[in-house]
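I opened the model today to go through its charged pairs, its sheet and its cores. My notes follow in the order in which I looked things up.

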Amino acid sequence: MSLSAIAKPRTISKLFLAIEQSEGVGARVRRSVGTARLRNFSPFLMLDHFFISGKAGFPDHPHRGQETITYLLHGQVDHEDFTGSTGTIDEGDLQFMTAGRGIMHAEMPRPQKDGSPVMGLQLWVDLPEKLKGVEPRYRDLRKVEIPIVKPSDKVEIKVISGESYGVKSVQDLAYTPVWMIDATIKPGGSMSQLLPEGWNAFAYVLDGELLCGTTKAQQYNNIVFDRDGDGVEFCVPEEYEKDAHVVVVAGQVLDQQVVQYGPFVAVSKEKIYEAVTDFQNAANGFERAKNWESKIAKMIR
């Protein structure tokens, strides 16, 4: 069997359009995971495709119990948290953040000189219960660290996390096992992507149109797969006018309850009450949140 051969493609359980909504301060997002159409698709909690122009963003806010993966597609985003950690991710970079027992931070896009919106994806991933109390941590993955594989002259794949056509990504980016594959397919091109057995998986179309089997998917569509089969297949017919840009995401299913209250994720209501109380009292992981204000969010205050 070749590195890309799929014996049985996964079937599509649903396909739907991510609807635009407001989020943060002045930001617009298209949310697919985390809506009524796809909620708690373990280990995934939320997927936002964000578009941010001018003085807008995500000022000071807390997290507990999850990991976030931010993939920047255009522009720059500054980051600052209550530990004093600061940084910037640029176009093509990613940041993997583990909130663990608690973090308070701000994520603020830099306004672009040409007025274009800062764009990217943010994925929230649940943490296994035994790791929800770990210390917060970050891992930036720079564009130059991401392996690229070209199975044909019509397909380019960035192996952000996981494996594609025998090319493996940088390892140990997050606690919860997640694959993220970014593919650009030109008209006349096709690709196959093997996926770990039993993992949940979806594909989000960033641009263009493509076929997944015989099903047509368009820009801003989320294609959700059943767990049957060993992978997924995409093609862009010759007659299509533009390239398709799709991100394939798969994650190991966690056998645990999911109780979420805004930025707090736990396995029970009692743990959620604890998270809210700890944040309000600046305790048990949130000690440094008391009276903390980021510098980068002052531009919109």
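I started with Arg 139, which is partly exposed at a relative accessible area of 28%. The model is a predicted one, and I kept that in mind for every entry below. The side chain of Arg 139 meets that of Glu 145 in a salt bridge, at 3.6 Å from N to O. I looked up Glu 145 too: its relative accessible area is 31%, so Glu 145 also falls in the partly exposed class.

Next I took Asp 207 and Lys 242, which form a salt bridge with the closest N and O atoms 3.1 Å apart. Asp 207 sits in strand E19 and Lys 242 in the loop between E23 and E24, so this pair ties together parts of the chain 35 residues apart in sequence. I noted 27% relative accessibility for Asp 207, which makes Asp 207 partly exposed. Lys 242 is at 44% and is likewise partly exposed.

The third pair I checked was Arg 101 with Glu 135, a salt bridge with the closest N and O atoms at 3.6 Å. This pair links distant parts of the chain, 34 residues apart. I placed Arg 101 in the loop between strand E9 (94–98) and strand E10 (103–109), and Glu 135 in the loop between strand E11 (118–126) and strand E12 (137–141). Is either end buried or exposed, or in between? Arg 101 has a relative accessible area of 27% and is partly exposed; Glu 135, at 48%, counts as partly exposed as well. The upper limit of that class is 50%, so Glu 135 does not count as exposed.

I then searched the whole structure and found 17 salt bridges. One network of them links Glu 20, Arg 28 and Arg 30.

I turned to the strands. An open sheet of seven strands runs in the order E1-E22-E19-E24-E17-E14-E13, and the pairing is antiparallel. I found strand E1 (12–17) and strand E13 (148–152) at the edges, each pairing on one side only. Neighbouring strands in this sheet are turned against each other by 20 degrees on average, with direction ignored. I looked at one edge in detail: E13 and E14 pair in the antiparallel sense over three bridges. There, Ser 152 stands opposite Val 155 of E14.

Which residues touch the most other members of the largest nonpolar core? That core has 29 residues, and I listed Ile 157, Met 191, Leu 210, Ile 223, Phe 225 and Phe 234 as the ones in question. Elements giving two or more residues to this core include strand E14 (155–161), strand E17 (178–185), strand E19 (200–207), strand E22 (221–225) and strand E24 (244–251). Strand E20 (210–212) and strand E23 (231–235) also belong to that list. Another core, of 28 residues, lies apart from this one, with Phe 51, Ile 69, Leu 123 and Leu 206 among its members.

I followed Phe 225 further. Leaving aside neighbours within four places in sequence, its contacts include Arg 10, Thr 11, Ile 12 and Ser 13. Phe 225 is also in contact with Phe 41, with Ala 201, Phe 202 and Ala 203, and with Cys 212, Val 232 and Phe 234.

Last, I checked the record. UniProt lists residues 27–125 as "domain: Pirin N-terminal", in an unreviewed entry. In the model, I found this span to be 0% helix and 61% strand, with its end C-alpha atoms 21 Å apart.

How values were computed
Residues numbered from 1 in each chain as written. Predicted model: local features only at pLDDT ≥ 70, side-chain atom pairs only at ≥ 80, totals over all residues. Heavy atoms only, no water. UniProt positions renumbered as here; feature names shortened; annotations may be inferred. Helix = DSSP H or I, 4+ residues; strand = E, 2+ residues; numbered from the N terminus. Core = buried A, V, L, I, M, F, W, Y, C linked by side-chain atoms within 4.5 Å. Buried < 20%, exposed > 50% of the residue type's maximum accessible area, 1.4 Å probe, protein only. Contact = heavy atoms within 4.5 Å. Pairing = 2+ DSSP bridges. Axes fitted to C-alpha atoms, helices over the stretch in contact; angles between N-to-C directions. Salt bridge = Lys/Arg side-chain N within 4 Å of Asp/Glu carboxyl O.
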